[in-house]
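Colleague: I am new to this structure and would like to be walked through it with care. Could we look at it together, one question at a time?

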Amino acid sequence: MSCIEQNLFTTASIVTRYPNNPVLSSQDVPGQPSLIFNAGVCKYQGQYVMAYRCDDCTNMDQANGDTIPHQFKTWIGFAYSDNGLQWRTSGKPCFEMHNDEIRRAYDPRLTVIEGKVVMCFAIDTQHGVRGGIAVTEDFENFKIQTMTTPDNRNMVLFPEKINGLYVRLERPFPVYSRGKDQFDLWLSQSPDLRYWGDHRLLLAVEDVPFANDKIGPAAPPIKTKAGWLTTFHAVDIDFNRGKNGWEKTWKKRYTAGIMLLDLNDPTQIIGISKRPLMTPETHYECNAGFRHNVIFPGGMILEDDGEVKIYYGAADTVEALATAHVDDLIALWSEPGPSHLF
Ligand code: BMA
């Protein structure tokens, strides 16, 4: 039996979950929409800013029954905080995309670069999933810079240009050649946030011992003296999993991994932890809510004292927080990165 089947992987001991988790949930939002999760977080102009995904399920009875409700209305809202722990939000949709072609925008990630906030997000369209990038300075007006071709999502932007170019991580879905969910993590570059190219495979699912399905970028990278520290999500499937939330066929588990990339050339992986950073273990991660066994980091803040706040969606239902010291996170990379990818 593999390590995944034996459930040998656990959350790294250097990680501490915030005892008052979740940090944001439907209870905190006026009108109490159903699911608040998969947030992006940044520090901007002296306060913490969170862009959260809201799946507003209009019929909870139906949601708790056997079928998944398909009539979700999804929007992105913003919350604000002075300490990153207690948040306030008006619960007002701030960013939505709906038209004949586009069904919804979701899973925002925030990066502050050149004094502006750049939001990367996923867009479900009639012709596939696309990755979008928008710029805002007030969280009310957004200028969309680009939308990828399908299928692509989980884009995250580095917080500064590297060698004169913007850099992002992303996760295309190559179903034709890879089959099923065998999806990998890629990197591309742009002179202007609009035109993206020089795409490179950065990390393949086969290189992650705690994934047997797919991987993708998680929170945008943070800069440390040792390199760009970045999380990724890793998915394993176990068909023996019993409880599955609202979706009976759900057999996946989402864990978080971490790796370190070269500061001047982030196509080079300095190291990767061969064990997960976090695995679902608490009630709110494992067996409450929409999809069981999901940890989905979308924001990382490096504080002046070296504490790193890691914000993650739990069970696709609430937003949670964990912390670790940056030096401990850097020390986690025990193995050199895969070198055969380039
Ligand atoms: C992914 C995305 C995420 C979600 C995750 C777990 O494919 O849809 O938004 O959090 O699955 O359900």
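Modeller: Before we start, a salt bridge here is a side-chain nitrogen of Lys or Arg within 4 Å of a carboxyl oxygen of Asp or Glu. Please also keep in mind that this is a predicted model.

Colleague: With that cut-off, what is the N to O distance at which the side chains of Glu-206 and Arg-178 meet?

Modeller: Glu-206 sits in the loop between β13 (197–203) and β14 (214–217), whereas Arg-178 belongs to helix α2 (residues 175–178), and the two are 28 residues apart. Since a salt bridge requires the nitrogen to be within 4 Å of the oxygen, the pair qualifies, with an N to O distance of 2.9 Å.

Colleague: Is Arg-178 buried, partly exposed or exposed?

Modeller: Buried means under 20% relative accessible area and exposed means over 50%, with partly exposed in between. Its partner Glu-206, at 53%, is exposed. Arg-178 has a relative accessibility of 28%, and therefore counts as partly exposed.

Colleague: Which residue forms a salt bridge with Lys-43, and is that partner buried or exposed?

Modeller: Lys-43 lies in strand β2 (residues 35–44), and its partner lies 260 residues away in the loop between β19 (295–302) and β20 (307–314), so that the pair links distant parts of the chain. The closest N and O atoms of Lys-43 and Glu-303 are 2.5 Å apart. Lys-43 is partly exposed, with a relative accessible area of 39%. The partner, at 10% relative accessibility, is Glu-303, which counts as buried.

Colleague: Which residues are linked with Arg-53 in a network of salt bridges?

Modeller: One pair in this network is Arg-53 with Asp-107, whose side chains meet at 2.9 Å, N to O. Arg-53 is in strand β3 (residues 47–56) and Asp-107 is in strand β6 (residues 102–113), 54 residues apart. Both Arg-53 and Asp-107 are buried. Besides Arg-53, the network holds Asp-55, Arg-104, Asp-107 and Asp-124.

Colleague: How many salt bridges does the count come to?

Modeller: The protein has 33 positive and 42 negative charges, and their mean positions are 3 Å apart. Under the 4 Å rule for a nitrogen and a carboxyl oxygen, the count of salt bridges comes to 21.

Colleague: Turning to the whole fold, what is the radius of gyration of the protein?

Modeller: The protein holds four helices and 22 strands. For its 342 residues the globule rule gives 20 Å, and the radius of gyration is close to that, so the protein is as compact as a globular protein of that length, at 18 Å.

Colleague: What share of the residues is buried?

Modeller: The protein exposes about 14,100 Å², of which carbon and sulfur atoms supply 48%. A residue counts as buried when its relative accessible area is under 20%, and among the 342 residues the buried share is 60%.

Colleague: Which residue follows Pro-150 across a cis peptide bond?

Modeller: The peptide bond from Asn-21 to Pro-22 is cis, with omega near 0°, and Pro-22 lies in the loop between β1 (16–17) and β2. The cis bond that starts at Pro-150 has omega near -15°. The residue on its other side, in the loop between β9 (143–147) and β10 (152–157), is Asp-151.

How values were computed. Residues are numbered from 1 along each chain as its sequence is written. This is a predicted model: local features need pLDDT of at least 70, side-chain atom pairs count only at pLDDT 80 or more; totals for chains, interfaces and linings use all residues. Side-chain values use heavy atoms; hydrogens and water are left out. The radius of gyration is taken over C-alpha atoms; the globule rule is 2.2 Å times the number of residues to the power 0.38. Buried means under 20% relative accessible area, exposed over 50%, partly exposed in between (1.4 Å probe, protein chains only). Accessible areas come from the Shrake-Rupley method with a 1.4 Å probe; for residues, only the protein chains shown count as cover. Lys and Arg count as positive and Asp and Glu as negative; His and the chain ends are not counted. The place of a charge is taken as NZ of Lys, CZ of Arg, CG of Asp or CD of Glu.
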